[in-house]
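Student: Could you walk me through one part of this model up close, and then follow the chain outward from there? I'd like one connected account rather than a list.

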Amino acid sequence: MIYETIELPNRDKSSACLKTYIIEKSTFNPERKRPLVIVIPGGGYEHIGHREGEPVALRMNSLGFHAAILSYAVAPMKFPDALCDLANAVALIRQNAEKWAIDSSKIIVCGFSAGGHLAASLGCFWNSRFLKDYVHHTSDEIRPNYLCLCYPVITSDKRFCHEASIQNVIGSISKSDSEKICRELGHTEMRDVVSLEKNVSTDFPPSFLWHTVHDETVPAKNTILLADALYEKNIDFEYHLFNRGKHALSLANSESALADSSNIEKECAVWPELFVNWFEGLPSINI
């Protein structure tokens, strides 16, 4: 296994970095190239939730994927600091695809809660004009091929949103930057920019989504709104809405559970296998 912690360039001088979990080449099939999953923990854009980091990366390794965990900008920040961190991480992985034996047409971004919002933001904006002002890579270099969104924050609609995440991701953006971004995306306010169901285009990557009915922190309506937007744009996706399970389940098993076992939910613990079944049935997106 190749473990490296690589600092990422960023605008806000935060400690953005990528920690790799790269499976070393086998002696019996040295030419094999594997897909890679970028794991983005949640934390309300306020902190990085470690239960959604290494346990998930190791689980993805066990399923045959390379993995990497992204530590990204959190509050206090300004939009699009965290998005730039993720874009730079995808570009870094593509630059090292040959070295790490990565199939560069199979880069998956897997986000949890606010990390799911970040993942879906790149899905919306990787090819947008406004992001080119902040990221010094081509659109093709930062493009995620697939998304895996786990109980993600999606909407800024006050009836369903996780308000702290919305406030934190917008942050202290200047009025001039806000007006410029809104103008380029056809919105009147930043809340619409970060309400991702309003920004889905035909460029959005094929996506796997899951949520629970009993999530009281980030209501399932977030993924319902996104699934509807994906359906309208004819984007390939699969959506699982489980009944039981509170927020921040991560793997929903003992490997990611708190000491009191309150984050174990057997019904939901099948999601990695469901994701793999969906993923293996899709064609590659060649870049």
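Tutor: Let's start with Pro 76, which sits in the loop between β4 (66–71) and α2. Keep in mind that this is a predicted model. The peptide bond leading from Ala 75 into Pro 76 is cis, its omega near 0°. Stay in the loop between β4 and α2, because Pro 80 has its place there as well. Look at the bond that joins Phe 79 to Pro 80: it is modelled as cis, with an omega of about 5°.

Out of that loop you come to α2, which spans residues 81–95. Its partner to look at is α3 (114–125). The axes of α2 and α3 come within 10 Å and cross at roughly 75°. Crossings of 65 to 115 degrees count as roughly perpendicular, so that is how α2 and α3 lie to each other. On the α2 side, the contact is made by Ala 82, Leu 83, Leu 86, Ala 87 and Val 90, while α3 brings in Leu 118, Ala 119, Ser 121, Leu 122 and Phe 125. Sort the residues of this contact by type and you get 9 nonpolar, 1 polar and no charged.

Past α2, have a look at Ala 101, in the loop between α2 and β5. Ala 101 has a positive phi, about 55°, despite not being a glycine. Ala 101 counts as buried because its relative accessible area is 5%, and the cut-off for buried is under 20%. Set that beside Asn 234, over in the loop between α8 (221–232) and β8. Asn 234 isn't a glycine either, and its phi is positive at about 60°. But Asn 234 is exposed, with a relative accessible area of 72%.

Now back to the stretch leading into α3. Ser 113 is in the loop between β5 and α3, and it is buried at 7% relative accessibility. Its side chain makes a polar contact with the side chain of His 247, at 2.8 Å. Beyond its sequence neighbours within four places, Ser 113 is in contact with Gly 42, Cys 150, Tyr 151, Pro 152, Val 153, Val 218 and His 247.

From α3 you can hop to Leu 196, in the loop between α7 (190–193) and β7. Leu 196 is buried, with a relative accessible area of 0%. Leu 196 and Gly 123 are 73 residues apart in sequence, yet their C-alpha atoms are 9.3 Å apart in space. With neighbours up to four places away left out, Leu 196 touches His 117, Ala 120, Ser 121, Cys 124, Phe 125 and Ile 154. Ser 121 and Phe 125 should ring a bell: they are among the α3 residues in the contact with α2.

Next stop is strand β6, where you'll find Cys 148. Cys 148 is buried at 1% relative accessibility. Its C-alpha is 6.0 Å from that of Leu 209, 61 residues away along the chain. Leaving out residues within four places in sequence, Cys 148 contacts Ile 108, Val 109, Cys 110, Gly 111 and Phe 208, plus Trp 271 and Phe 275.

Trp 271 and Phe 275 take us to α9 (residues 271–280), where they are buried along with Pro 272, Val 276, Trp 278 and Phe 279. These residues are on the same side of α9, because they cover an arc of only 165° around the axis. The usual geometry helps here: an α-helix has 3.6 residues a turn, so residues three or four places apart point the same way. Asn 277 and Glu 280, on the other side of α9, are exposed. The buried residues of α9 pack against β3 (34–40), α1 (54–62), β5 (102–112), β6 (146–150), β7 (207–212) and β8 (237–242).

That leaves α1 itself, in which Pro 55, Val 56, Ala 57, Met 60 and Asn 61 are buried. Their cover includes β2 (17–21), β3, β4, β5 and α9. After α1 comes Gly 64, with a positive phi near 100°.

Methods. Residues numbered from 1 in each chain as written. Predicted model: local features only at pLDDT ≥ 70, side-chain atom pairs only at ≥ 80, totals over all residues. Heavy atoms only, no water. Buried < 20%, exposed > 50% of the residue type's maximum accessible area, 1.4 Å probe, protein only. Helix = DSSP H or I, 4+ residues; strand = E, 2+ residues; numbered from the N terminus. Arc of directions from axis to C-beta. Contact = heavy atoms within 4.5 Å. Polar contact = N/O pair within 3.5 Å; in protein donor to acceptor, adjacent residues only side chain to side chain. Axes fitted to C-alpha atoms, helices over the stretch in contact; angles between N-to-C directions. Parallel < 35°, antiparallel > 145°, perpendicular 65-115°, else oblique. Nonpolar A, V, L, I, M, F, W, Y, C, P; charged D, E, K, R; others polar.
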